[in-house]
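Trainee: Hi! Could you walk me through one helix and the charged pairs around it?
Mentor: Happy to. Let's put the structure up and start.

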Amino acid sequence: MNRNLAALLKGATTVGGSFVGLVAIVSGLFHLPEHRGKPPAPPAGGVAGSSAPAPVTPPQASAPGAPGQQAAAPGTAGGTAQAPRTPPRTATEFSFPQARWEQLLAQNADTPIDASLANSGKPSAGVAACASCHGAQGVPAAGTPFPTLAGAPPAYVAKQLLDYRDGTRQHPIMTGIAKGLDDKDIAAVAHYYGSLPPPAIKAPAANPQDRGQRLHGFGDNGLALAACANCHGANGEGEAPMLPRLAGQPEAYVTGQLDAFRNGQRANDDLGTMRDIAKRLSAEDSAALARYYAGMRAQ
C-alpha cells in the first residue's frame, strides 16, 4: 500500500510540473505581464540614463512681499490689468451748440430797444441809417426794391447781418454796412425791428389760374416742389425764428433773391434748401411768385 501511495504522489508532482511549464511557455509567447497591478517602483536612487520624466511640482503661491514676487499694479486684482471705466454720459453731450447769432443775441439780451442806429446810422463807421432804405418803421416806400423789416424775427435779422459781415452773403450795399457794425450794433438792430408790429396782409382772392398762388399753397408735384406755405406760413407771414416773411415784399426783391439762390450768388440757406428750390423754378415761376407776394401788401 505504501508503494502505491508513493507512486500516486509522484504522478501528481509530474503533472503539476508539466502544467507550470506550459503556463510559462504561453506567457513568453504573448508577453503577458506577470502582474496586472501597479507598475513596479523604480529602484532606489534611480537608474542612470533613465528617460522617465521627473515628477512636476505645482507652483506654490508666495506670501505677499516674498522675494521675487512682483507687486500687483494699483487698481488691478491679483496683478491682472483691468480696462479703464467709462465715465457716465451726461445730458450736455446730446445738446447742439448754439449758433453764432443765438450766442450774440443771448449775450446782449439785456440791451434796451434803441432806434438810434436804425434811424441815425453810425457815422463814425460810415454806416447810413437803416431807415433810409427800409423806411422809418421798417416798411419801405412802395415801388422800392428794399424788404420790409418790421416784425422780422431777431434771429433772422442777426444771422443775415452776420452773414453780410463775414462775406457768407454778398450784396453791394449791405456788405459794406454790416462790416461797420459790431456785435452790440447787430443785436440792437435785430431787437429793434423785432419789436415793431408787422404790417397788415391783404389776402388775395382765390384764383386757381394764378400760378404764384398755386405754388404758394400747393407747390408742384411734377417739379418736386413743396408748397411755399409749408415753411413761410399760410399767408406768407413767415415763421420764427428763421423763416422770413414773404407777404408784401417788393416784387423786385423776391425775384432778385430767387435768382441769387438759383445762380449761387446767395448761398447762406441752411442745407441748401432754397438753392434747390430756386433751381427747379423757371423764370416765369419766380416772377409769378413775386407778383403774388407783392400783391399781399396792404396799401
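Trainee: So, is α5 mostly covered or mostly open?
Mentor: Mostly covered: 10 of its 13 residues are buried. Keep in mind that this is a predicted model.

Trainee: Which residues of α5 are buried?
Mentor: They are Ala155, Tyr156, Val157, Ala158, Lys159, Gln160, Leu161, Leu162, Asp163 and Tyr164.

Trainee: And what covers the buried residues of α5?
Mentor: The cover includes α2 (100-107), α6 (174-179) and α7 (183-195).

Trainee: How far does α5 reach from its first C-alpha to its last?
Mentor: Helix α5 covers residues 154-166 and reaches 18 Å, close to the 18 Å expected at 1.5 Å a residue. Just after α5 comes Gly167, which takes a positive phi of about 90°.

Trainee: Switching topic: how many salt bridges does a search of the whole structure find?
Mentor: The search finds 10 salt bridges. Side chains of opposite charge can pair when their charged atoms come close.

Trainee: Nice. Which residue forms a salt bridge with Arg100?
Mentor: Asp163 does, and the closest N and O atoms of the pair are 2.4 Å apart. Arg100 lies in helix α2 and Asp163 in helix α5, so this pair ties together parts that are 63 residues apart in sequence.

Trainee: Is Asp163 buried or exposed?
Mentor: Asp163 is buried, because its relative accessible area is 2% and the cut-off for buried is under 20%. Its partner Arg100 is partly exposed, at 35%.

Trainee: Which residues are linked with Arg100 in a network of salt bridges?
Mentor: Lys159, Asp163 and Asp166 are linked with Arg100 in that network.

Trainee: What about Arg165, which side chain does it meet in a salt bridge?
Mentor: Arg165 meets Asp183, with 2.8 Å from N to O. That pair links helix α5, home of Arg165, to helix α7, where Asp183 sits, 18 residues apart. Both count as partly exposed: Arg165 has 25% relative accessibility, and Asp183 has 34%.

Trainee: One last pair: which residue forms a salt bridge with Lys122?
Mentor: That is Asp182, with the closest N and O atoms 3.9 Å apart. Lys122 is in the loop between α3 (116-120) and α4 (131-134), while Asp182 is in the loop between α6 and α7, 60 residues apart. Asp182 counts as partly exposed, with a relative accessibility of 36%.

Trainee: Great, thanks for the tour!

How values were computed:
Residues numbered from 1 in each chain as written. Predicted model: local features only at pLDDT ≥ 70, side-chain atom pairs only at ≥ 80, totals over all residues. Heavy atoms only, no water. Helix = DSSP H or I, 4+ residues; strand = E, 2+ residues; numbered from the N terminus. Expected span 1.5 Å × (residues − 1). Buried < 20%, exposed > 50% of the residue type's maximum accessible area, 1.4 Å probe, protein only. Contact = heavy atoms within 4.5 Å. Salt bridge = Lys/Arg side-chain N within 4 Å of Asp/Glu carboxyl O.
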